[in-house]
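This report introduces the site around a bound ligand and then turns to strand pairing. Please keep the sequence and the structure in view while reading.

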Amino acid sequence: MKILLIVGYRVFLHPLRNFPGPFAARFTSAYGTFFVWRRTFHIDSLRLHEKYAGPVVRIAPNRLIFNSATALQDMYNNPKVVKGSSYSTQRQSAKGTPNLFNTIDKEAHSKKRRIIGPVISERSMRVFEPDMLRQIDAFLLRLLRSSRIDKFVNTTPPCERLAVDIIGQLAFGYPLNTQNDPTHRVIVEGLKTRGRRSSLYFFWPDLKILEPLFNWIEGKNTLDGLYRSVRTMIQARMAIPKDAKHDFFALASGKLSTREPGLISKDLWAEAVFFIAAGGSTTSTALSGMFFYLSRNPDVYARLASEIRSTFSSRCDIRAGHELHNCKYLRAVIDETMRMSPSSLGPAWRSQDPASIAAGEVFTVDGHVIPPGTQVGSSRYAVQHNEAFFPEPFKFQPERWLSSEDDSPEDQEARAAMRRAFAPFSLGDRSCAGKAMAYLEMSLTIAKTMWYFGFKKTPGEAGNLGETLGRPDEFQLYYSLVVENDGPNLVFTPRGEHWRDLEPSDSTSL
Ligand code: HEM
């Protein structure tokens, strides 16, 4: 009886009752959770926006998703808004310590952001760049060796390991060395397991009671392995002086909480696990995506290769600075990849700030009045495939990001509208703190790979890995808070004699 009353209320009396959306989603979160569980939520959200032809869909009893540029500004660039209550499910336990990502309170967040932001700022990257370049060289050396032994390389595992090794260095100055040694590779699998479960709780918080069941079904090995590796890193770092390295620990640890000597504070632990996830999973998806699209679009590949090989006169020149900044086509390829296949798929849920509710303010998103307590968000994939902003949205066209002197005022306005709808790093004060780092890591990795190698799609069936079912030109993403992907399989060919720079000096033959 109670269930019937709840269903009746949600369908006929609920303040969101007049918003369009599937019938089942009006009364149960199970509807959207099914797509999260199937890891196709991004594709389903796009389908639902098309079906209910408009900017908004009611996707759960208390949740709305939007797919317009105006909505993005209203939800993410708005002082009346805070992160939705869903974020509290991302703490390790109900009483768990919040980290930068899942802190909801604005003041507490800005305090944390002031501590952690500088670790990954553009300025910090100038100091960290040599460490990043060393990891990228290790990635290139692995590619070189694989190109000698294997017929082709699945680029996903090397990109995942590269990103984890870089973030291990930046977080705790620790050589995880997953590119060459399997010991800490469990971090990658642990992040994926954590991400899959967190995505379910993020959409339907009540499911968190199933955690012991998931542990029983899936075992806790990968999660335990992840936490063990994080603990190893922190303990190794705590054993040396704080200022011995330029890393997260040096810049942030003392300011997070007072800790007893030798113990890892809860604050530090919570931030460390998120930091590794944020930096260790997102960039790798974008890198694999770029390899996928470059290997399918020969004209784009040729133009980018020419830009990189003519801009730099030696491998040592490929580093942050004027020349890299001037590689406009490289930036366009990165942006077009993140448009087609965003590494963070959303929705990032937001609600009206309690202070704004108390002040009696009205919260509107794209002209719709949002009742207090509602969680709103946007599927980044759906907005970035919205034809109103991105003509031919399923075509990989880096050129769409490049302005030209011949642009008419209409072209300029269309490009400005496109930029307003493009938010792979989100917007506003909760947007990605690691954006500068991510662009640097992606630019250096792709530029250096194209300096040393040519690459192409593997012939035959194996070459299809990474293609989306029904849309072979699109890189397949699997929805999760830690987005997953596989492939592409590529054949790498070393260019000329450049490979000799990569090999240690005692090895001379190819
Ligand atoms: C292509 C790469 C990346 C993408 C697409 C990306 C995307 C995002 C997005 C969309 C958010 C907002 C999430 C939300 O509101 O729920 C976010 C937050 C964040 N990201 Fe990234 N990210 C990337 C790389 C990185 C890297 C390399 C780091 C370095 C550690 C990083 C650190 C962070 C942090 C600290 C936050 C939380 C910011 C806050 O709440 O104040 N990200 N990222």
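Donors are N, O and S atoms within 2.8 Å of the metal (3.2 Å for Na, K and Ca), and water is not among the atoms, so sites may look incomplete. The model is predicted, with local features needing pLDDT of at least 70 and side-chain atom pairs counting only at pLDDT 80 or more, while totals for chains, interfaces and linings use all residues. Residues are numbered from 1 along each chain as its sequence is written, and side-chain values use heavy atoms, with hydrogens and water left out.

The protein gives the iron atom of the ligand a single donor, SG of Cys 432, at 2.3 Å. Cys 432 sits in the loop between α19 (409-420) and α20 (435-452), where helices (H or I, at least four residues) and strands (E, at least two) are DSSP runs numbered from the N terminus.

Around the ligand there are 30 residues, counted when a heavy atom lies within 4 Å. The largest share of this shell, six residues, is supplied by α13.

Polar contacts are pairs of N or O atoms within 3.5 Å; within protein, one must be able to donate a hydrogen and the other to accept it, and residues adjacent in sequence count only if both atoms are side-chain atoms. Three side chains reach an oxygen atom of the ligand as follows.

| Side chain | Distance to a ligand oxygen atom |
|---|---|
| Tyr 87 | 2.5 Å |
| Arg 113 | 2.7 Å |
| Arg 430 | 3.3 Å |

Strands pair if DSSP finds at least two bridges between them. Strand β9 (residues 453-457) runs antiparallel to β12, joined by five bridges, and Lys 456 stands opposite Val 491 in β12.
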